Every structure is written in structure tokens, then in C-alpha cells.
Amino acid sequence: AHAAVTVTTSAVFNDPSGTTADQHRIRDYIVSLINATPAGESITAAAYTFTDDTAAQALVNAKARGVKVRIIVDDTTTTMSGGEYTTLKDGLGTDPTQSSWVMACPSARGCIGDRELTSGDPAINHNKFWLFSNVGGASNVVVQTSHNMTTSQRTTYFNNAVTIPDSGLYGIYQSYFSDLLRYGSSSSGDDDYYTTPTSSTGPYKAYFFPRHE
């Protein structure tokens, strides 16, 4: 059993110079949401780098209890030291026609972003968002964060996580996630994808990149 979580429009900040609890605040908050998501609901996330075994295991456990879990990570997660791609692959599978899966963007691609501006610095999937269909008494929950699922993000950097339950914004992010999957499953992306949709149900506007200069 996990402690109850109450979800509201809110913000969480970590403190890399604080206690362990202060450092882990964002990671622990996201894990608490994963653990509190009931069977039959869905968790959808896009991440850049993912080395956190606690979060990876929480996602695998969520699938095991009947949550639909869909994760897209940058290709570097498949090769970096301590990357959790194998844990996610073994626990979620890699078939996007199923209700749960993990996908890595193609090598040197950001799923959508596919242009190398300077030599040796290819496009990346720099996203860091988490979507929960229903958790903590709220539905259509969007968590947009600056926090990659890595140790350095907790102990070295100041980060934030903004939580907004809003059906319009949730739908906007789900549509973008579908485009990440669609482009990431194809041979090329879109270096001028830039869209700025506005929520029909709340005072929120999203900005999705890449934007061509």
C-alpha cells in the first residue's frame, strides 16, 4: 500500500544542496503519482535521460497491477551508464500496439527533431513530462518538469515540476505524444514542427518544438 496523494494545480522544487529528501523531492513526487495511479488508468511520459531505478521499477509495478504505461525516451538512455531502458523494456515491452510499452527515439534523433545543427550535436528528445489519466482525486493530470530521471538532476541541479489538471491541456500533450510515436516510428522527423495549441478548458498554452530558425 502507498500513501494517499492529493493532486492539485501546484509546483514542486528540489534543492540539490538540501537534505536527501530535499534533493529527491521531484523524483519522489513523480514516483508517488506513479504508485497512486489505479488499475485501468494510464501513465504517459516522455523523457530525455532515464537512469533512476526507483522510478523505472515503479512504472513496471504499475503495469503489473493493470495500469497502461507508455514511455518514450531519448536514444541515449539505451546506451548511457546506468540507463534504465533494459528494465523498462523487460517490464513494459516494446510493442506500441499494446497497452504498455517503452520506445527509444531513433539514434541521433529527437523522434520529431532530426536536424544536426552543429557537427556531433544531433537532435535529442529533450522532453520531460508525465501524464496521468486519473490520480490523487484529479483527472487529466499534466506534470511538466525540468527534471530528467537521473541522479545528477537531484544532487547537482535546481529543478521544478508543475502539475496542472486540465482536460484540454492533457489532450494537447497526448496529441503531441502521438506525434512523438508517429515520427519516432518513421525514417524521418520534422525540423519545423513548432506548434502552440491553446487549451479549450483552461488558461493554458503549450509550445512544442523544434522551431526552425
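In this predicted model, the largest pocket has a volume of about 660 Å³. Its lining is made up of 31 residues, and those closest to the pocket centre are Ile124, His126, Phe209, Pro210 and Arg211. Three elements give two or more residues to this lining: strand 6, strand 7 (160-165) and helix 6 (167-184). Helix 6 gives the most, with four residues. Sorted by class, the pocket lining holds 18 nonpolar, six polar and seven charged residues.

Alongside this open space, the search for enclosed ones returned one cavity of 30 Å³ or more. The volume of this largest cavity is about 30 Å³. Around the cavity sit Ala46, Ala47 and Tyr48, together with Lys128, Trp130, His147, Asn148 and Met149. Five residues of the cavity lining are nonpolar, two are polar and one is charged.

Trp130, met above in the cavity lining, leads on to the packing of the interior. In soluble globular proteins, nonpolar side chains tend to be buried together. Here, the largest nonpolar core comprises 35 residues, and the members that touch the most others are Ile34, Phe50, Leu59, Ile71, Trp130 and Phe132. Both helices and strands take part: helix 2 (25-36), helix 3 (53-64) and helix 4 (85-92) each supply at least two residues, as do strand 2 (42-47), strand 3 (68-73), strand 4 (101-104), strand 5 (129-135) and strand 6 (138-145). Of these contributors, helix 2 gives the most to the core, with six residues. A second, separate core of 23 residues is also present, and Cys105, Ile164, Tyr170 and Leu180 are among its members.

Ile71 offers a helpful close-up of the largest core. Leaving aside residues up to four places away in sequence, Ile71 touches Ala45, Leu59, Leu92, Trp101, Val102, Met103, Trp130 and Phe177. Two of these partners, Leu59 and Trp130, are themselves listed with Ile71 as residues that touch the most other core members.

Helix 2, the top contributor to the largest core, deserves a look of its own. Its twelve residues reach 16 Å from the first C-alpha to the last, close to the 16 Å expected at 1.5 Å a residue. Buried along helix 2 are Ile26, Arg27, Tyr29, Ile30, Val31, Leu33, Ile34 and Asn35. The buried set thus takes in Arg27, which counts as charged, and Asn35, which counts as polar. Ile34 also appears with the core residues that touch the most other members.

Terms used: Residues numbered from 1 in each chain as written. Predicted model: local features only at pLDDT ≥ 70, side-chain atom pairs only at ≥ 80, totals over all residues. Heavy atoms only, no water. Core = buried A, V, L, I, M, F, W, Y, C linked by side-chain atoms within 4.5 Å. Buried < 20%, exposed > 50% of the residue type's maximum accessible area, 1.4 Å probe, protein only. Contact = heavy atoms within 4.5 Å. 1 Å grid on protein atoms, 1.4 Å probe; cavity = no way out; pocket = protein on both sides within 12 Å on 5 of 7 lines; lining within 4 Å. Points joined across faces, edges and corners; volume = space filled by probe spheres on them. Expected span 1.5 Å × (residues − 1).
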